[in-house]
Amino acid sequence: MCGTGSDDVLHLAANAFSGPGDEIIYVRYGFAVYDIAARRYGGTPIVADDADYGTDVDAILAKVNDNTRVIFIANPNNPTGTLTSGEEIARLQKSLPGNVLLVLDGAYTEYLEEDEDDGALELAKSKSNVLVTRTFSKIHGLAAERIGWGYASENIIGAMNRIKLPFNVTTAGQAAALEALSADDFVASSREHNQKWRQWLSDELGALGNHGLRVIPSHTNFLLVLFEGKVTAEHANSALMEKGYAVRWLPGQGLVTGLRITIGTEEETRGLARALREILEAAG
């Protein structure tokens with residue numbers, strides 16, 4: 001099924017499979033929409049502990065009870081960029097009761113190497129309680145068109161289709177998505193560019209560890225950078241904005257010390273690294 005961005009599909013999953021008194025689990029530092037979707041339909045959000053900013057399968061399983069209806073996992077995770085292995089995802093699914101829907105949000109899947117695939121689509125093909133969501137907003141660059149999709153068993157998709165708005169995806173969005181599916185060269189070049197400059201920026205910022213910076217290893221098109229020294233993430237965010245760079249400070253997601261920095265062009269990436277170094281060195 002298609003939706004107005006994968007956010008729409010995530011909300012449909014929460015609406016179709018949970019309600020007042022039900023619990024929806026997601027990992028700490030998970031995608032902000034999960035909390036919103038849970039509360040929107042009367043459910044109770046349950047936050048499982050993370051494992052160094054990544055998904056901890058055992059922590060999630062420890063939260064499962066008779067009231068659990070949906071589990072949301074972003075893999076790779078947003079906003080931390082961490083990746084959970086296919087083995088761990090399969091172990092999670094195998095350990096869940098059949099009436100708990102496991103939603104695997106793969107918005108950043110296209111940035112992964114082939115050997116990093118978490119097996120989500122294969123699980124959705126063979127297991128009746130797995131929903132995979134994807135989007136054209138990231139590597140395909142069609143965020144403004146708001147088009148995402150979900151794949152699951154007939155029963156899951158049927159339940160979501162029954163409550164889906166009838167005109168949720170525009171004709172222009174559908175046409176753009178179909179064209180994007182044939183743009184293999186663009187996707188490949190975007191992935192290659194991202195891998196090169198993500199590693200470069202990670203190395204550059206990692207070299208600023210003496211200023212209290214810590215870079216979380218990423219499998220997406222952004223880096224989560226923690227500010228644990230004299231310069232705070234809030235100050236760095238404001239100072240970078242004054243220099244013309246828009247990054248994302250994340251206090252609303254419990255990451256007061258973190259900035260999420262997207263990989264841009266070579267010029268933008270080099271410029272941001274230079275600007276951040278200047279900000280840190282000015283603080284002493």
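**Buried positions, salt bridges and backbone features of the predicted model**

Val103 is buried, and its relative accessible area is 0%. The structure described here is a predicted model. Val103 belongs to strand β7, which spans residues 101–105. When neighbours within four places in sequence are set aside, the contacts of Val103 comprise Leu10, Ala13, Val70, Ile71, Phe72, Ile73, Leu131 and Thr133. Among these partners, Val70, Ile71, Phe72 and Ile73 fall within strand β6 (68–74), while Leu131 and Thr133 fall within strand β8 (residues 130–135). In contrast to these contacts, a separation of 24 Å was computed between the C-alpha atoms of Val103 and Ala144, which are 41 residues apart along the chain.

Burial was also examined in helix α9, which covers residues 233–242. The buried residues of this helix are Ala233, Ala236, Asn237, Ala239 and Leu240. Because an α-helix has 3.6 residues a turn, residues three or four places apart point the same way. The buried residues of α9 pack against three strands and one helix, namely β11 (222–227), β12 (248–250), β13 (255–262) and α10 (266–283). After α9 comes Gly244, with a positive phi near 95°.

Charged side chains were considered next. The model contains 11 salt bridges. One of them pairs Glu88 with Arg91, with the closest N and O atoms 2.9 Å apart. Both residues belong to helix α4 (residues 86–95), where they are three residues apart, or about one turn of the helix. Glu88 is classed as partly exposed because its relative accessibility, 27%, is not under the 20% limit for burial and not over the 50% limit for exposure. Arg91 is likewise partly exposed, at a relative accessible area of 29%. Glu88 and Arg91 also belong to a network with Asp58, joined by salt bridges that share partners.

A second salt bridge links Arg134 to Glu110, and here the closest N and O atoms are 3.2 Å apart. Arg134 is part of strand β8, whereas Glu110 is located in the loop between β7 and α5; the pair therefore ties together parts that are 24 residues apart in sequence. Both partners fall under the 20% cut-off and so count as buried: the relative accessibility is 12% for Arg134 and 14% for Glu110.

A further pair, Lys125 and Glu122, forms a salt bridge in which the closest N and O atoms are 3.4 Å apart. The two residues lie in helix α5 and are three residues apart, so about one helical turn separates them. Both Lys125 and Glu122 are exposed, in contrast to Arg134, which is buried, and Glu110, which is also buried.

The loop between β7 (101–105) and α5 (120–126) also holds Asp117. This residue is partly exposed, with a relative accessible area of 49%. Together with Glu113, Glu114 and Asp115, Asp117 forms a negative surface patch. Glu110, the salt-bridge partner of Arg134, is placed in this loop as well.

Several backbone features were found in loops. Two cis peptide bonds precede proline residues: the bond from Asn75 to Pro76 has omega near 0°, and the bond from Asn78 to Pro79 has omega near 25°. Pro76 is located in the loop between β6 (68–74) and α4, and Pro79 is also assigned to the loop between β6 and α4. Helix α4, which follows this loop, is the helix that contains the Glu88 and Arg91 pair.

Positive phi values also occur at residues other than glycine. Tyr29 has phi near 70° and is situated in the loop between β2 (23–27) and α2 (33–40). The relative accessible area of Tyr29 is 16%, under the 20% cut-off, so this residue is buried. Asp52 has a positive phi near 50°, and its position is in the loop between β4 (50–51) and β5 (54–55).

Note on methods:
Residues numbered from 1 in each chain as written. Predicted model: local features only at pLDDT ≥ 70, side-chain atom pairs only at ≥ 80, totals over all residues. Heavy atoms only, no water. Patch = residues over 30% accessible without salt bridge, like charges linked within 9 Å, V, L, I, M, F, W, Y side chains within 5 Å. Areas by Shrake-Rupley, 256 points an atom, 1.4 Å probe, with all protein chains shown as cover. Salt bridge = Lys/Arg side-chain N within 4 Å of Asp/Glu carboxyl O. Lys, Arg positive; Asp, Glu negative; His and termini not counted. Charge placed at Lys NZ, Arg CZ, Asp CG, Glu CD. Helix = DSSP H or I, 4+ residues; strand = E, 2+ residues; numbered from the N terminus. Buried < 20%, exposed > 50% of the residue type's maximum accessible area, 1.4 Å probe, protein only. Contact = heavy atoms within 4.5 Å.
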